[in-house]
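Here is a walk through one protein model, going from a single side-chain contact out to the sheet and the aromatic pairs. Keep the structure open while you read.

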Amino acid sequence: MLKRIAVLTSGGDGPGLNACIRAVTREAIQEGAEVFGVRWGYSGLVNDDIFLMESRDVGGILGRGGTFLGTARCPEFKDLKVRRTALRHMNQKGIEGLMVIGGNGSLAGALALHEMGFPTYGIPASIDNDIDGTGMSVGVDTTLNTILDSVDRIKDTASSHQRAFLIEVMGRNCGYLALASGLAGGAELILFPEREGPSLEKISDVVVEAYVRGKHHCIIVIAEGWQPGTKAVEQHLLDHREDLGFEVRVTVLGHMQRGGRPSVFDRLLATRMGAFATDNLLNGESGCMAALRGGQIESFPLAEAVKQLRPLDTRMLKLAGAMD
Ligand code: ADP
Ligand code: F6P
């Protein structure tokens, strides 16, 4: 049984990270272990920004967005020598295992440490829901609710003015956020990288069709990773503004999608995954992450998780064709 572990959050932030840190800390302390917090992701390991935490350090953070440990991108962590420095700092403090909370890149970093022989465990947290091996990552549910709230609000104003709106959502190269929010928000069209096309001409046809059918709005949800991109659609529609019927406006939701209080689902997922992952790490399991599979939290190998981006569910993909 490990007696001293550290925890960090790395990569893009999202709702539920604090709930994860809290669960890891409380579970470890309850099991009789000491927990060190690492500030600013892998940079904190490299710069020795590591401090002993107590149960009260994680009091009152369950419902707060962001991460109280801070997060960062630390490209130099891909360098073996830099990782050696990180291991040295942990070894000097007697830390025997590391919990990494983050997205694909962060979990690749965790795998790299595991492969150097240091016990490391992961918790998948990314608003993009692009981590393979888990049905949901921490943060996704809250972000979807935030997007949906925005889509509903935009629909109100779109209908009042009889406008077509392009709403761009995050997701990096993954279309999950666009697909799920577009379906739940009743978008007229959803554009995401996992589905080829449609052409710019077809997109303007969809706008005209909505106008002719007598709709008061036309909502098009676009994944930021979709090509040729929101700007190209906007330009095409503006070039054909005389034919559309609707005026066109664009909203890029941006980083507001990453902030905010975590939903019930995310708080529970973070707490379940955090406790599960901690028990496994303390018991000497390494090179795996907590994963939501068939409603249960299970252990899933990091080497498998980081091999590819999580593919979209084919039945959900088909729904996009039928519903938009
Ligand atoms: P996310 O974890 O949200 O996907 P990034 O892809 O930016 O975010 O990765 C976060 C951090 O993880 C990087 O800045 C780097 O410190 C670390 N990382 C990413 N890939 C690797 C890798 N192959 N080896 C070691 N560390 C990595
Ligand atoms: O991976 C999370 C994410 O929010 C992506 O959806 C987005 O492409 C990216 O991070 C934005 O990163 P940054 O905060 O560095 O602009």
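What joins the side chains of S263 and D141? A polar contact of 2.5 Å does the job. Bear in mind that this is a predicted model, and that goes for everything below.

**Around S263**

S263 sits in the loop that runs between β9 and α10 (264-282). With a relative accessibility of 16%, S263 falls under the 20% cut-off and therefore counts as buried. If you skip residues up to four places away in sequence, S263 touches D141, T142 and N145. D141 is thus on the list of contacts as well as being the polar partner of the S263 side chain.

**The sheet**

Now for the strands. Four of them form an open sheet, in the order β7-β8-β6-β9, with parallel pairing. β7 (189-191) and β9 are the edge strands, each pairing on one side only. On average, and ignoring direction, neighbouring strands in this sheet are turned by 15° against each other.

Have a look at β6 (residues 163-169), which is joined to β9 by six bridges, the two strands running parallel. Seven bridges join β6 to β8, and this pair runs parallel too. To find your way along these strands, pick out some of the residue partners: A164 has V248 in β9 as its bridge partner, L166 has V250 in β9, and F165 stands opposite I219 in β8.

How many of the residues of β6 are buried? Seven of its seven are, so the strand is mostly covered by this count. The cover is on both faces: R163, F165, I167 and V169 are buried on one side, and A164, L166 and E168 are buried on the other.

Two helices lie across this sheet. α7 (residues 200-212) lies across β6, β7 and β8 (217-223), and runs at about 155° to β8. Helix α8 (residues 230-239) lies across β6, β7, β8 and β9, and runs at about 170° to β6.

**E188, in the loop before β7**

E188 is found in the loop between α6 (176-184) and β7. Is E188 buried or exposed? At 10% relative accessibility, E188 counts as buried. Setting aside neighbours within four places in sequence, E188 is in contact with V206, A210, K215, H217, C218, I219 and D324.

Two of the E188 contacts are polar ones. The side chain of E188 makes a polar contact of 2.8 Å with the side chain of K215. A polar atom of the E188 side chain also lies 2.8 Å from the backbone nitrogen of I219, and I219 is the residue that F165 stands opposite. As for the backbone, the C-alpha atoms of E188 and I220 are 5.9 Å apart in space, although the two residues are 32 apart in sequence.

**Rings**

A pair of aromatic rings is described by the distance of the centres and the angle of the planes. Searching the whole structure turns up two aromatic pairs. Here they are side by side:

| Pair | Centre distance | Plane angle | Arrangement |
|---|---|---|---|
| Y42 and F77 | 4.0 Å | 15° | stacked |
| Y211 and F246 | 5.3 Å | 85° | edge-to-face |

Why is the Y42 and F77 pair called stacked? Their planes are at 15°, and planes under 30 degrees apart count as stacked. Y42 lies in helix α2 (residues 42-46), while F77 lies in the loop between β3 (50-53) and α3 (80-92), so this pair ties together parts that are 35 residues apart in sequence. Y42 is buried, at 4% relative accessibility, and F77 is buried with a relative accessible area of 4%.

The Y211 and F246 pair has planes at 85°, so it is edge-to-face. Y211 belongs to helix α7, and F246 to the loop between α9 (241-244) and β9 (247-252); the pair links distant parts of the chain, 35 residues apart. Y211 is partly exposed, with a relative accessible area of 41%, whereas F246 is buried at 3%.

One more ring deserves a look. R39 lies over the face of F51, at 4.1 Å from the ring centre.

Terms used
Residues numbered from 1 in each chain as written. Chains lettered and ligands numbered in written order. Predicted model: local features only at pLDDT ≥ 70, side-chain atom pairs only at ≥ 80, totals over all residues. Heavy atoms only, no water. Phe/Tyr/Trp six-rings, centres within 6.5 Å; stacked < 30°, edge-to-face > 60°. Helix = DSSP H or I, 4+ residues; strand = E, 2+ residues; numbered from the N terminus. Buried < 20%, exposed > 50% of the residue type's maximum accessible area, 1.4 Å probe, protein only. Lys NZ or Arg CZ within 6 Å of the ring centre and 35° of its normal. Pairing = 2+ DSSP bridges. Axes fitted to C-alpha atoms, helices over the stretch in contact; angles between N-to-C directions. Contact = heavy atoms within 4.5 Å. Polar contact = N/O pair within 3.5 Å; in protein donor to acceptor, adjacent residues only side chain to side chain.
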